[in-house]
Each structure stands twice: as C-alpha cells, then as structure tokens.
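Thanks for making the time, everyone. I would like to walk you through how the two chains in this model sit against one another, and then we can talk it over.

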There are 2 protein chains.
Amino acid sequence: MSRWRPDARERLQQAALDLFAEQGFAATTVPEITARAGLTTRTFFRHFADKREVLYADDAEVPAMVATMMAEAPPSAEPLALIVEGLRTVAETRFEPRKAALLARRELVRTDAGLQERDLRKRAVMSEAIREGFQARGVDPARAALLAETSVTLINVSLAEWLDAPDDRKLYDIILETLATLRSALG
Amino acid sequence: MSRWRPDARERLQQAALDLFAEQGFAATTVPEITARAGLTTRTFFRHFADKREVLYADDAEVPAMVATMMAEAPPSAEPLALIVEGLRTVAETRFEPRKAALLARRELVRTDAGLQERDLRKRAVMSEAIREGFQARGVDPARAALLAETSVTLINVSLAEWLDAPDDRKLYDIILETLATLRSALG
C-alpha cells in the first residue's frame, strides 16, 4: 500500500489494534505501528498524540457533538427528553457502527492501568460537557451535575451490557431498558 | 512537640494540608511535610504511600465499610433502602466530621491533574465495591452496576452541594433531596 493513500488514519488504527491484540498494549511501540501500517511516525503523530489516543480518537468528538445537540434543542425540551434523544443519537451514530473496535478496546483497558485512567477521564469529560449543556439551558448547577452523571451512567451501563449481549439487540433499546430499570429501582 | 506522641498521622496530615495551602500541592515535598510536623520521612512512609495519599487516606476504608454494610444487611432489604441507609451511614460517620478537610482537598484537586485522576479512581473503586456488594446479594450484573453508579452519583453530587452550602444543612438531608430530584427528573 502506498503511503499516499488518504486512509492513513484508519490504517494506523487497524495496525495498532492488530498489534495490541497480538502482543499487548504496553509492549507495542509507535514505530511498530507505523511499520505495520507502512507509514511514518511523523504521519502517526499528525493523527494521534500517542498510542493510547489511537483507541480514543473516535470518541474525541462526542462531547462537542453532545454540546451542539443540547444547544440546538428547542428551549421547551424537557431534560429527560433531551437525555433520551441525545443518547439515541450518540448510540446510533457513534457506538453502533463500532462494536468490534469497542469490544477490542474494552479487552485492552482490562489489562492496562493507564488505559483505565484514560477511560475514567473520558467519562468525566463527557459528564462535564452534559453538565455545561444543562447549565447553559438554565438548569441549576446541582441538578445539571445530577442529570449529567446520570446520563453518563445510563450510556456506560448500557454500553457494557450491549458489548456482552450475545444477540443483536440495539444499544438504544438497551438504554431504554436501563432507564426503565433505574426508574423502578428508585421507586 | 515530641516525635513520640501517638498522633503522628494527624500531625503529618495537618502539616501537609497547611503546606499545600501555603505553597501549592505540586511544590510541596515529603521532607518539607515531615520537617513541619517534626517527624521523620520514615514515619511519613509508615502512614502514607506518597503525598497524594495524605489527602485520600481517610477515604481508604470507605469501600470496605460499604462492603461490610451490604453483606450484613438482612436478605430482605430492598436495593433502594440499602443505598439510602448506606449513604446515611457514610455521610454521618465519614463525611460530616471532615467538612473542612474535604473543602481543602477539593480546592487542591482543582489545581492538579494528578489529584483529579486520583479522585476519579476513588469514584471507580467506590462504585466497584457497591457493584460487588449487590452482585453478592444476587442482583444481576447490569442492574448491580446501575445501582452502584447511581449510588456514587448521589453521594458525589450531594457532597459537592453540601460543600458549597452556605448554611449548616446536613449532608444526609441533601442526599435525600438529590434522590428526590433524580426521581422527579426521570419522571
């Protein structure tokens, strides 16, 4: 493959995932990734800050996407409707198409403390984006924080169940079930 | 003060908090802390793994305390009752008596990325303890994860509001309000 093909980012991601699976995350170096992809390290660092970010690059735009959705929703939209609609959009556009990559990442996260920290930070950044979105809509700070944390809980718990699901259930359907479970648990 | 007094741990914590407040967390070294406390670095490392842990030592036993409460609760106890009772105990025994220290820590966490990571890890460890507690009580894994994350959300959102509260409201009362807010938000 030529290094001039426009799919450098995807080739680097695939090479990295293959190497992480073959020899582990910690043991894999950026030069190994670029060699496998037939690209230069300079190209690698144009796309990713480090090898960890290869795994998180596709999530990077999600908080901004959520912020835009929240800013553009009609002022009359109720918080719960906003959450459900936002989770539906994120599930269908950002997670459903990436099940294999998300499964592979979860396996790697289990083996690496640095990736676990990165995962926790991703959660916090997402929660912060939603909290700010609610505050910008006039929701008081404590309620905004509560809605944001609960949104992230709904997506994370549902994601884990979806990745474990042996069938072809849709992530959005699982999110709705998780919401119903939470409602009934809070009685 | 003599180095033989039995309150070495508290003296080290107070010296560390004073120095963190005076000159920042990052700029403070363990030898400075021990000099201020009139103790040796050897004594310091008998009590704390590093200067970061000075801030988290008093939280260290909370997950185990929660695990014990969950294991000892009557089998008939409903999850929500268990959560409310557990949060009440943790609030009254572990957080109410430490408001000043918790306020000081929150200020420091705002200034330091390493402390922010430690805070996120503390959250994850707490959630994991509650999840395991529910699973041990026969709750299915997805529901256990949902209840655990929601418990941690309730305590964290309430803690932040309690620390900001200008009045003398009790943390447990704020937790109950937060629970009521979540219930009504989920409609």
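Let me begin with the extent of the contact, keeping in mind that what you see is a predicted model: 25 residues of chain B and 25 residues of chain A take part in it. Between the two chains an area of about 2,300 Å² is buried, and carbon and sulfur atoms account for 71% of that area.

How are the two copies arranged? A turn of 180°, with a shift of 0.0 Å along the axis, lays chain B on chain A with an RMSD of 0.0 Å. The two copies are therefore related as by a two-fold rotation axis. Of the interface residues of chain B, 100% are also interface residues in chain A, which means that the copies meet through the same surface.

Turning now to individual interactions, we count 2 salt bridges between chain B and chain A, one of which joins B:Glu149 to A:Arg123, with their closest N and O atoms 2.8 Å apart. There are also 4 residue pairs in polar contact across this interface, with both residues of each pair at pLDDT 80 or more.

Which helices of chain B supply the side that touches chain A? At least two residues each come from α8 (113–136), α9 (141–164) and α10 (171–185) of chain B, and α9(B) gives the largest share, with 10 residues. If we sort the residues on that side of chain B by character, we find 12 nonpolar, 6 polar and 7 charged.

Definitions and conventions. Residues are numbered from 1 along each chain as its sequence is written. Chains are lettered from A and ligands numbered from 1 in the order in which they are written. This is a predicted model: local features need pLDDT of at least 70, side-chain atom pairs count only at pLDDT 80 or more; totals for chains, interfaces and linings use all residues. Side-chain values use heavy atoms; hydrogens and water are left out. Copies are superposed by least squares on the C-alpha atoms of residues with pLDDT of at least 70 in both. Contact means heavy atoms within 4.5 Å. Buried area is the accessible area (1.4 Å probe) that two parts lose on being put together, summed over both. A salt bridge is a side-chain nitrogen of Lys or Arg within 4 Å of a carboxyl oxygen of Asp or Glu. A polar contact is a pair of N or O atoms within 3.5 Å; within protein, one must be able to donate a hydrogen and the other to accept it, and residues adjacent in sequence count only if both atoms are side-chain atoms. Helices (H or I, at least four residues) and strands (E, at least two) are DSSP runs, numbered from the N terminus. Ala, Val, Leu, Ile, Met, Phe, Trp, Tyr, Cys and Pro count as nonpolar, Asp, Glu, Lys and Arg as charged, and the others, Gly among them, as polar.
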